[in-house]
Amino acid sequence: MKRLFRNLSIFLLPYMVFLALPAWKFIHGGELGRLDHIIQRQAEDRQKMLLGLEYSSPETYYKYQMILKAKPELLAMGSSRILQFRKEEFKQDARFYNAGRLPNSTQDLLHVIKLMPENIPVKTIILSLDQHWFNAGQEPYPSDEKDLLEYQPDYSKIISNAADVYRQLISDYMHPGNPCPAPPDIVAEGLIARRFSSGYRNDGSYWYGQKNRDGDAGKLNDGRFKSYEENLYHGLSPNWCFGKTISAQAVVDMDSFLAVCHRRNIDVIAYLPPFSSHTYNYMLKEGRHSYIFKVYDALLPIFRRYGYDLFDLTENEKEWGYNDEYVDAVHGSEKMYLKILMWLCSHSAVLDAYCDRTFLQEKLERCKSHFSVFDE
Amino acid sequence: MLFNSLEFLLFFPAVTFTYYALPHKYRWALLLLASCVFYMFFIPRYIFILIFTIAVDYCAGLLIEKAVQPAKKKALLVLSICANVGILFFFKYFNFFNQDIRALAHFAGWNYTLQSLVIILPVGLSFHTLQAMSYTIEVYRGNQKAEKHLGIYALYVMYYPQLVAGPIERPQNMLHQFHKKHEFNYSNVANGLKLMLLGFFKKLVIADRLADYVDFVYKGPAHYHGLAILLAVVFFAFQIYCDFSGYSDIAIGASLVMGIRLMQNFDRPFISKSVTEFWRRWHISLYTWFNDYVFVPLVISLRNAGKIAVYVGLLITFFLAGLWHGAGWTFIIFGLLHGFALMYEFSTRKIRQRLSSSRIYDAASIIFTFGFACFSWIFFRASSFRQALVVIRSLFSRGQDSQDVIHYNFGLQQIAISTFAVAFLLALEYFQKNKGFISALNSLSRRKQWIICNLMFASIILLGIFAKKEFIYFQF
């Protein structure tokens, strides 16, 4: 037995040493095990916080638990393409929370609305319906109610990303300007938040970080923009598989979702989010993502039946197709989404009641950046 | 509980340490408790299925041995087999047959209202059912004395290293080992850990890496052509081999650490020169089970038909083997393809024996056998017969997408890693020859052993995929 322990220890020691630093970075950096504590602090909103996890994606659990804590009246929900709506854009007395990236499919939407307790005083939902949710040619993301209620940190990430931690250390040493930590008045949890000041604010909206203030990203020769487009064009992005028809199940799910909202007297203002004009024009021409152009017609009848608004914002080159205001092919900046919000307010009396359009217009006019409107 | 999980990393040393700390007379209880915990990590209430089959087969074994009249022995055997097969049929095959009958009824214009059941297949059901049946059959044949200790018998069925995906053991090999006292043996522990290391290397570095590409292509095979599909087909061959043999290595290694030896389940199947040889090297425990309990009895009962008996035996055996893998026509086709291949080889064995003295013929045979296995696995992997046809059609079509999906989805780096890892594994298998991995490794100098083990462990740490993907054979 002693020989076994001795040999095992000698064998494993170098690996333990190798893993010690990543383990420390993960635990100290907030990547593992403190999520409930972070949720509590963000819900209290006494201090600016950012949650940006690099190696985990607990958004389903995180956002749902934040809804339960924040008890919003005005809720933004949808994929990542709604994350730029922030509380500064609404009147102070509107309890707003951005639950973007909580649902990854129409099934998820249904789980959320059915599970949400009656004591959550949501009166209005701004809903961003990602077009790929309705692609019959794409397998929907697996959806389980349990993901809203349970979250287990995955400690194996320490091992699987250990090499990456060392690569980052070397890269940060060789390019000192690269990491762009958040300002000192913001508490950053998670390695992405600490390194790049990217993460979820207390109101659930997403900040792309200090580096994106000037709108360098979004130009067509930007690496992130280009690589997203390439994957999309080749049908290789997990979200943007080719497809020509609308998923009947997804439409049924939407109907069920709206029925529950209607029963609970929740107003719904929904929109199909835009693409950058470069991407949109390409997809229109090549035709392999033709389902995108059929989503509005498939959904409009059911929205009308419940008296809800649905807007097709997929393309509007003049208003929000401007490529430089995009982070990548499908994600617009805060500035772009403010324009969208103002447009929605002008077409929806329900949403207009939550906003001061004069104030928003002034902010927009004074904004010099392609990206940010409100300072951090 | 998955082998590739943090829970198992804690479970295994705790059980092993306690096993050696306990006096021998309590060890069976510890292993049985550990096996229950291991099994209940999946769906806890399904333990009652195991309890039921254990109770039925334990009693059947005792009564068969006690019975004097052959007719009574046979009746008890049939009862035991029906109980086991009945449970397997209910959980695994009911919906499959129900759907087909409904389709037939619809075609014939009959009124058929029986609905499909919403049930989850208990993990490992196909495996422990065969293992339990082999016990009662061996007792009936007089090759095995009935086990009087209920706990030991229960452990034979539920032994956690091989409970979920084999190897499918025989009572002659297992039961006496549970009675025997196993002292702590450094060699066994070291060899067992080395084998587990090999298993984790195969699973985490090779199988789960290849799975990403294979899963992506099989989600929409109509979009891809030629090389992209060919890569998916070949990758799947290595994925399923590394996944399943990796599981077997971990199971055999974990058991060896406690001094209990399980049977070998794989023996370098990709050097097979024929499909017949392939089945002597691939999933050996399944093949020998079907050979001993289906093929041989069938051939004996039909012996008056001469060669026809062999052909019929092969067809039925591999039909059942295909069906055992899954309740679906694709699995049946998979089985039948191998059945027909074996029939062909049986009928041409004399010609092939004459040719096999040529090295070129041997090399061509290896390539052809590998190609055949890959082709049959298209049906195994596809979600439906239609999808399998799409894959086959796309394999022979041309398109620009091939390079795109390789470059953008998988990347040349991933291909390089996968290729290197597979090459490393094949090199290991080549150098081990027919000695087995452990014997071959132990025949090297300590330095070389440390280098190889460190190469594998470092690969796991740096290149392992830790996304907790289930082993493929868990679905069976």
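Okay, α2(A) and α3(A) first: these two helices of chain A are oblique to each other, where oblique is what remains once angles under 35 degrees are called roughly parallel, over 145 roughly antiparallel and 65 to 115 roughly perpendicular. Their axes cross at roughly 40 degrees and come within 10 Å, with α3 covering residues 59-70. Axes here are lines fitted to C-alpha atoms, for helices over the stretch in contact, with angles running from 0 to 180 degrees between N-to-C directions. Helices are DSSP runs of H or I with at least four residues, strands are E runs of at least two, and both are numbered from the N terminus.

Quick housekeeping: this is a predicted model, local features need pLDDT of at least 70, side-chain atom pairs count only at pLDDT 80 or more, and totals for chains, interfaces and linings use all residues. Residues are numbered from 1 along each chain as its sequence is written, chains are lettered from A and ligands numbered from 1 in the order in which they are written, and side-chain values use heavy atoms, leaving out hydrogens and water.

Back to that pair. The crossing of α2(A) and α3(A) is right-handed, meaning the near helix is turned clockwise from the far one by less than a right angle, while anticlockwise would be left-handed. On the α2(A) side the contact includes A:Leu35, A:Ile39 and A:Ala43, and on the α3(A) side A:Tyr61, A:Tyr62 and A:Met66 are among the residues they meet; contact means heavy atoms within 4.5 Å. By class that contact has six nonpolar, three polar and two charged residues. Nonpolar covers Ala, Val, Leu, Ile, Met, Phe, Trp, Tyr, Cys and Pro, charged covers Asp, Glu, Lys and Arg, and the others, Gly among them, are polar.

Next pair, α4 (residues 106-115) and α10 (residues 248-263) of chain A: the angle is about 20 degrees, and the axes sit 9 Å apart. So α4(A) and α10(A) are roughly parallel. Their crossing is left-handed. In this one, A:Leu109, A:Leu110 and A:Ile113 of α4(A) take part, and the α10(A) partners include A:Met254, A:Phe257 and A:Val260. The class count is eight nonpolar, three polar and two charged.

Over in chain B, α16 (residues 359-381) and α17 (residues 385-395) have axes that come within 8 Å and cross at roughly 140 degrees. That makes α16(B) oblique to α17(B). B:Phe375, B:Ile378 and B:Phe379 meet B:Phe385, B:Ala388, B:Val391 and B:Ile392, so to speak a greasy list: seven nonpolar, no polar and no charged residues.

Now the two chains together. Chain B gives 25 residues to the contact and chain A gives 26. About 2,300 Å² is buried between them, 73% of it on carbon and sulfur atoms; that is accessible area (1.4 Å probe) lost on putting the two parts together, summed over both.

How many salt bridges cross the interface of chain B and chain A? Zero, by the rule, which wants a side-chain nitrogen of Lys or Arg within 4 Å of a carboxyl oxygen of Asp or Glu. The whole structure has 25 over all chains. One of them joins A:Asp185 and A:Lys48, at 4.0 Å, N to O. Those two are 137 residues apart, linking distant parts of the chain.

Last, two backbone oddities. Most residues other than glycine have a negative phi, and most peptide bonds are trans. A:Ser197 has a positive phi of about 55 degrees, in the loop between α8 and β6 of chain A. And the bond from B:Gly166 to B:Pro167 is cis, omega near 5 degrees.
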